[in-house]
Amino acid sequence: MAREECKALLDALNKATACYHHLVLTVGSSADSQNLREELQKTRQKAQELAVAARAQLTAALRDRGLGAEERAEFERLWVAFSGCLDLLEADMRRALALGTAFPLHAPRRPLVHTGVTGGAAGIAARALSVRSLRHEAERDFDVNDLRELEREVLQVGEMIHDMEMKVNVPRWTVQARQAAGAELLSGAGASSVGGVSTEGRRRPCDLSKALAAAVFSAVLLVAVALAVCVAKLS
Amino acid sequence: MAAGPAPPGGCPSAQRPHLSKMERVVVSMQDPDQGVKMRSQRLLITVIPHAVAGEGPRRLGWGASGPALAYPHPSLCCAGSDIVEWLIQKYCISEEEALHLGTLLVRHGYLYPLRDPLSLLLQPDDTPYRFQTPYFWTSTQWPAAELDYAIYLAKKNIRKQGALVDHEKEHYNQLHRKISHTWDLVVMQAREQLRAAKQRRKGDRLVIACQEQTFWLVHRPPPGVPSVLEQGPERGSCTARRVQMTKNMDFYRREIEYCRKALGRTRVKSSVCLEAYLKFSSQHGPHDPIMSGCLPSNPWIADSDTYWVVNAPSVAAPTKLRVDRWGFSFRELLEDPVGRAHFMEFLRKEFSAENLSFWEACEELRHGGQAQVPALVDAVYEQFLAPGAARWVNIDSHTMERTLEGLRRPHRYVLDDAQLHIYMLMKKDSYPRFLKSDMYRGLLAEAVVPPETKWRVFPFMRKPRRSSPSPALLASMEPAAAAGGPRGGDGEA
């Protein structure tokens with residue numbers, strides 16, 4: 001169904017935007033490298049593809065006059081989330097452009113900032129592209145060419161947003177979000193995919209205390225059984 | 001981060017040059033040869049298990065002892081004393097100044113302390129500090145939008161499982177009310193960003209979390225901490241000039257024009273300025289109610305409004321101080337209604353009252369309503385400027401020509417030249433004669449000096465302060481109050 005497809009695309013776009021945000025955080029810092037720039041490029045290209053696909057679907061759905069009220073409300077909700085996501089992506093791309101220009105990799109005149117982040121971010125990019133691992137295959141002057149491409153892509157995304165606003169008229173204040181305040185604390189339920197991080201975070205200390213309780217209980221049980229056996233033997 | 005509204009004002013970074021200067025300092029600190037000495041800090045993460053099921057707060061120990069689980073991870077940081085030393089050496093400043101500069105860097109979020117992230121101060125000892133990533137630098141002045149803050153709070157909520165600080169809880173609720181339509185996106189992004197962060201090494205994850213926390217401490221300070229990013233009211237375009245990187249012909253042309261105009265401005269020597277300041281202060285010192293007290297008494301302290309009554313705009317007997325002030329400058333005389341009235345009388349005696357009348361008419365034109373402008377201009381012309389007018393004022397031919405030119409298209413400032421001419425005439429001619437005249441001397445002699453109210457013997461037993469009753473109540477209480485004693489009289493001791 002169209003709605004499920006849209007939702008899936010939106011989730012994927014959301015994932016890609018979040019990963020892109022994480023990668024842009026380290027541009028200009030000590031973790032910046034050729035690999036990082038390449039990962040940035042791959043992630044944002046994936047995000048753009050997803051955005052184009054989602055936009056086409058959502059626009060088609062919202063321009064369909066014969067849509068029921070409930071369906072329409074649902075699509076409008078998805079639309080608001082989608083345009084917000086795209087705004088975030090565009091802002092991050094602009095910042096990546098500014099930072100990338102300010103911190104060129106091969107000109108030592110502006111050294112990178114020692115922020116203490118040293119690890120690679122290949123896992124993040126792999127997550128965004130939904131692949132297992134990432135291969136780095138860039139040439140030496142990758143970052144310079146990449147910046148020019150990035151500039152063009154920023155303009156493209158800007159145009160896309162503008163187009164979206166012109167074609168579909170969704171008043172944002174009428175949209176009722178499904179999640180309430182504090183919804184992120186509930187694990188798994190809701191619009192996004194299962195396996196919330198809240199459960200993961202809570203699981204480990206729960207496990208420890210549960211393990212402790214289990215050990216104590218079993219020890220007490222053993223002692224009780226031993227005593228009972230002794231009593232039985234003595235009597 | 002979401003694109004918030006565009007920053008107000010023409011060129012935000014030109015209006016806050018201190019931020020770009022700080023950025024340059026931080027960048028020069030990174031220099032491998034001449035930068036600050038970095039040290040590597042071992043980071044130990046201690047997990048203290050809680051006895052109560054379901055809760056497991058995690059604590060960070062930077063080089064602390066007593067670990068249940070240690071994760072060694074060398075991360076670069078620098079000590080506070082190193083920073084201070086480097087600043088002293090690089091900029092040749094004193095230690096106090098270096099400390100202040102370092103504190104500014106920390107307060108603006110370019111450095112953050114590792115041990116106590118909430119106290120943004122530079123301690124000149126071994127406390128480790130770390131640099132903020134360029135994404136979060138304040139000098140870029142990328143807007144910290146509400147959506148971003150909401151995502152950050154949601155992430156924190158997830159990590160701390162609902163245990164947010166008070167003011168953050170408040171902000172969270174406020175944001176939920178404001179942007180409830182995008183709350184789906186907030187929750188989705190928060191979850192995904194945390195999942196993406198899991199792909200990093202633990203040490204890196206912590207560092208990034210610290211960086212984000214510092215950013216939001218600067219942009220949304222907790223209550224009680226002054227916000228360093230507050231700006232005064234927007235200034236005009238005088239200071240905001242875009243810093244242009246490519247210097248082409250236009251740029252240099254504009255620079256030349258600007259410098260030429262700057263050369264042509266009239267300047268006053270500071271010695272002259274300061275002399276004028278001193279003269280003004282010494283002249284007006286005895287007249288200032290705060291510096292020299294006010295007679296009869298300060299209304300705010302003694303709870304009696306005699307001072308205001310005696311110094312009302314139109315009062316029959318002006319105080320001595322007021323009459324003295326008329327002698328300071330012509331402007332003071334004209335601004336005081338009583339002074340102006342006396343001056344008019346004096347001019348009548350000298351048969352030059354039409355000057356002051358003309359000046360008053362021009363003032364009315366300048367400050368009056370737009371609809372009355374044409375009628376008023378005509379009236380003034382008929383009465384004062386037309387040849388053979390009833391009260392003809394003496395203006396030199398040059399100014400008269402210009403005024404008549406302008407009268408063809410009347411606007412409210414058309415009589416400005418003539419008004420100025422008459423003003424200078426009165427100031428140079430009539431005003432000195434007024435000051436020397438018998439009339440003024442008489443006024444000085446007659447002027448009252450209100451006596452100072454005696455201090456009560458027991459100053460502690462002040463009259464209880466009563467708020468003045470509202471006019472509605474007053475009207476209904478009139479007959480009752482008339483029977484009672486006087487309201488505000490100095491009564492018992």
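**A walk through a helical chain and some lone cysteines**

Let's start with chain A, which has six helices and zero strands. Keep in mind as you look around that this is a predicted model. Reading chain A from the N terminus, you meet its elements in the order α-α-α-α-α-α.

One stretch of chain A also appears in a database. An unreviewed UniProt entry lists residues 30-57 of chain A as "coiled-coil region". What does the model show there? Residues 30-57 of chain A are 86% helix and 0% strand, and the C-alpha atoms at the two ends of this span lie 41 Å apart.

Next, think about how chain A packs. Of its 235 residues, 44% count as buried. Take the contacts in chain A between residues at least 6 apart in sequence: 81% of them join residues at least 24 apart. As for the outside, chain A exposes about 12100 Å², and carbon and sulfur atoms supply 58% of that area.

Now let's turn to the cysteines. A disulfide is a covalent bond between the sulfur atoms of two cysteines. How many disulfides does the structure hold over all chains? The count is zero. B:Cys77 is in no disulfide, and the nearest cysteine sulfur, that of B:Cys78, is 6.6 Å away. To count as a disulfide here, the two sulfur atoms would have to be within 2.5 Å.

Is B:Cys77 buried or exposed? B:Cys77 counts as buried because its relative accessibility is 1%, and the cut-off for buried is under 20%. B:Cys259, with a relative accessible area of 41%, is partly exposed.

Methods:
Residues are numbered from 1 along each chain as its sequence is written. Chains are lettered from A and ligands numbered from 1 in the order in which they are written. This is a predicted model: local features need pLDDT of at least 70, side-chain atom pairs count only at pLDDT 80 or more; totals for chains, interfaces and linings use all residues. Side-chain values use heavy atoms; hydrogens and water are left out. Buried means under 20% relative accessible area, exposed over 50%, partly exposed in between (1.4 Å probe, protein chains only). UniProt positions are given in the numbering used here, feature names are shortened, and annotations may be inferred rather than shown by experiment. Helices (H or I, at least four residues) and strands (E, at least two) are DSSP runs, numbered from the N terminus. Contact means heavy atoms within 4.5 Å. Accessible areas come from the Shrake-Rupley method with a 1.4 Å probe; for residues, only the protein chains shown count as cover.
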